[in-house]
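Please study the structure shown below before attempting the exercises. Each task is followed by a worked solution.

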Amino acid sequence: MSEALPLFFVSAMGLSLLLYVILDGFDLGVGMLLPFGSNSEKDVMIASIGPFWDANETWIVMGVGVLLIAFPKAHGIILTALYIPVTIMLVGLILRGAAFDFRVKSADHRQPMWNKLFALGSLMAAMAQGWMLGAYITGLTGSTMSLAFSLLISLTLPALYIMLGGAWLLIKTEGELFDKAAHWCRLALPAMAFALLLVSVATPLVSQDIADRWFKLPDAIGLLPIPMSCALAILGMNWMLRRPQVLHAGYGWFIFVALMVICLMAAIGLAYSIYPDIVIGRMTLWEAAAATESLQFIFWGAIVTLPAILGYTVYVHRVFSGKATELSYD
Amino acid sequence: MMLASLLTSAFLVAGVCAWRMIQGVDGPATKMVLKTGIYTAAIIIPLQILAGDLHGLNTLEHQPAKVAAMEAVWETEKGAGFTLIGLPDEEARETRFALKIPYAASLILTHELEGEVKGLNDFEAHPPVAPVFWSFRVMTGVGTLMLLVSWWGAWQLFRRGALNNLALRAVSLMTFSGWVASVAGWYVTEIGRQPWIVQGLVSTADVVAQHPTATLSGTLFGYVGLYIALMIAYMKALRIMAVKPAKTLEQDSNPLGTPLMGTSA
């Protein structure tokens, strides 16, 4: 039992963060794309994420919550090291959340300002998360190398979110906005592929341990499906985004599925690289875990909460399936 | 907190409705909403005061230093007086210009006239006195106003089915009273817990992250600035929504309200 509980919680945390990246990724992406839509398109873009966006953010609350209660020592190290990017992310998310309501509820002449703040908040959150990912996988050392790497990821992670946002709009919209979304995806794809490549190259460079795990035979053969499926997904998206007739025939959802495959593979790859560390090179998840009694206690909370959030996420996507129309409070 | 949240919403709703009636932009629904707000507040406020009293007894048992700071009781005494108002001076260890009700502190805290209240001087560590003392008075003062205004309003509604102009003004002035009381209450709780973050076990100084002062003060001012800006925006948006003349029931072709969600099923 004392062995299984930390594993359960680290899996729950990993699952929450993976779902967060996919789900909040698309609405952050739509937020960053907002300035490129016309005024009426902006309303449709916001409406397309309206019923989902705040539920999507509960996944990061879940992920960080589990980190705090199940791995308090790791939480202390990680969140202290990431204090500034976390602050920037929070400011971004606060701005976004407020702008979401104010853009339709405050004075009409202020709407452009709130639209801009919505996009800015989305970009801040996405870049801050990129910075955090970069700092985390380089071991939170704060070295020049690690800072440079964090900067690179913070400039390229938004590309993944923009892809997700564009792919979401391919599912949710029609007409001119649909074609624009396909165009945005085409532009973001190379940047996203570059970001993925960067993370893949950097992790083995950071630690010899990780390099050994990936390039040692026969394990390397077993791991091949990870880079191969990512490459296939990227090639498939590239093929389809250049064929509007296929997208218009109702296959736009393929882009989103391909992106989900990439996110899942990246998560598996990352987990394989760092397990059993929770702070790379410094602390394993066993060392960071809270007392078994505490874990037993919160286990019951987690097995109620996780399915509940999963349940309402599935439900809301079923209720609000189909194409979006304009959002209005009048 | 559940009661406080309900109370805050009740006054916000009633206050905006009262303001709309004064401005003459009210519709048929406004009076109903005002009624709901006033009656809710009138029912919740005594419960909140009772819960506050129970909370105080619990605090006296587990965090006695917080209570001593709330009351600015410096020396341990039996039959301690309740300081209505005064200027707590931590250096001189006394409350200047104190206006006291004899025995009242002991009565409130221990429910006995001669009950013993432990003074600040008998604790190894205690929170800063003045902020806790003042926050507590703001909270209880606003709470008392809430009781008076909501019961006065409920009485008028009960007798005449409407509020007179003076009562409307009082209710609209109380629109944000819940915010003020709740924030003051949080100050009492959080500042009053100092120097501990987990009472008696972990001190705040022991667990605070070792960030440079510039980082901490920069982010603090950043948050404060952001929230001040958002509060101004909120007030403005609320005003815009409140001055919109209400539709009459006939005008409103869709009595169930307009759909809020933008996605069609």
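The exercises below concern a predicted model.

**Exercise 1. Describe the overall build of chain B, beginning with its secondary structure and ending with its domains.**

Solution.
Step 1. Count the elements: chain B has nine helices and six strands.
Step 2. Consider the extent: along the principal axes, its C-alpha atoms fill a box of roughly 70 × 50 × 35 Å.
Step 3. Consider burial: 25% of the 265 residues of chain B count as buried.
Step 4. Turn to the contacts: among those in chain B with a separation of 6 or more, 68% join residues 24 or more positions apart.
Step 5. Divide the chain: the domain assignment places residues 2-208 of chain B in domain 1 and residues 217-244 in domain 2. The centres of these two domains, taken over C-alpha atoms, are 25 Å apart.

**Exercise 2. Is helix H2 of chain A mostly covered or uncovered, and what covers its buried residues?**

Solution.
Step 1. Locate the helix: H2 of chain A spans residues 39-49.
Step 2. Apply the cut-off: a residue is buried if 20 or more other C-beta atoms lie within 10 Å of its own. Nine of the eleven residues of H2(A) are buried, so the helix is mostly covered. Among the buried residues are Glu41(A), Lys42(A) and Asp43(A), as well as Val44(A) and Ile46(A).
Step 3. Identify the cover: it includes helices H1 (4-33), H3 (53-70), H6 (111-137), H7 (144-172) and H8 (175-206) of chain A.

**Exercise 3. Which residues have the most contacts inside the largest nonpolar core?**

Solution.
Step 1. Recall a general principle: in soluble globular proteins, nonpolar side chains tend to be buried together.
Step 2. Read the core: the largest one has 101 residues, and Met163(A), Leu164(A), Ala167(A), Cys185(A) and Leu259(A) have the most contacts inside it. H1(A) supplies the largest share of this core, with 15 residues.
Step 3. Compare with the second core: this separate set of 42 residues includes Ala10(B), Ala18(B), Ala105(B) and Val117(B).

**Exercise 4. Describe how H7(A) and H13(A) cross, and classify the residues of their contact.**

Solution.
Step 1. Recall that two packed helices are described by the angle between their axes and the distance between the axes.
Step 2. Give both values: the axes of H7(A) and H13(A), residues 253-274, come within 7 Å and cross at roughly 145°. The crossing is left-handed.
Step 3. Name the partners: Met163(A), Leu164(A) and Ala167(A) are among the residues of H7(A) that meet residues of H13(A) including Trp253(A), Phe256(A) and Leu259(A).
Step 4. Classify: the contact of H7(A) with H13(A) comprises ten nonpolar residues, no polar and no charged.

How values were computed:
Residues are numbered from 1 along each chain as its sequence is written. Chains are lettered from A and ligands numbered from 1 in the order in which they are written. This is a predicted model: local features need pLDDT of at least 70, side-chain atom pairs count only at pLDDT 80 or more; totals for chains, interfaces and linings use all residues. Domain bounds come from an automatic or database domain assignment. Helices (H or I, at least four residues) and strands (E, at least two) are DSSP runs, numbered from the N terminus. A residue is buried if 20 or more other C-beta atoms lie within 10 Å of its own, exposed if 12 or fewer, and partly exposed in between; C-beta atoms are placed from the backbone. Two residues are in contact if their C-beta atoms, placed from the backbone, lie within 7 Å. A nonpolar core is a set of buried Ala, Val, Leu, Ile, Met, Phe, Trp, Tyr and Cys residues joined through C-beta atoms within 7 Å. Axes are lines fitted to C-alpha atoms, for helices over the stretch in contact, and angles run from 0 to 180 degrees between N-to-C directions. A crossing is left-handed if the near helix is turned anticlockwise from the far one by less than a right angle, and right-handed if clockwise. Ala, Val, Leu, Ile, Met, Phe, Trp, Tyr, Cys and Pro count as nonpolar, Asp, Glu, Lys and Arg as charged, and the others, Gly among them, as polar.
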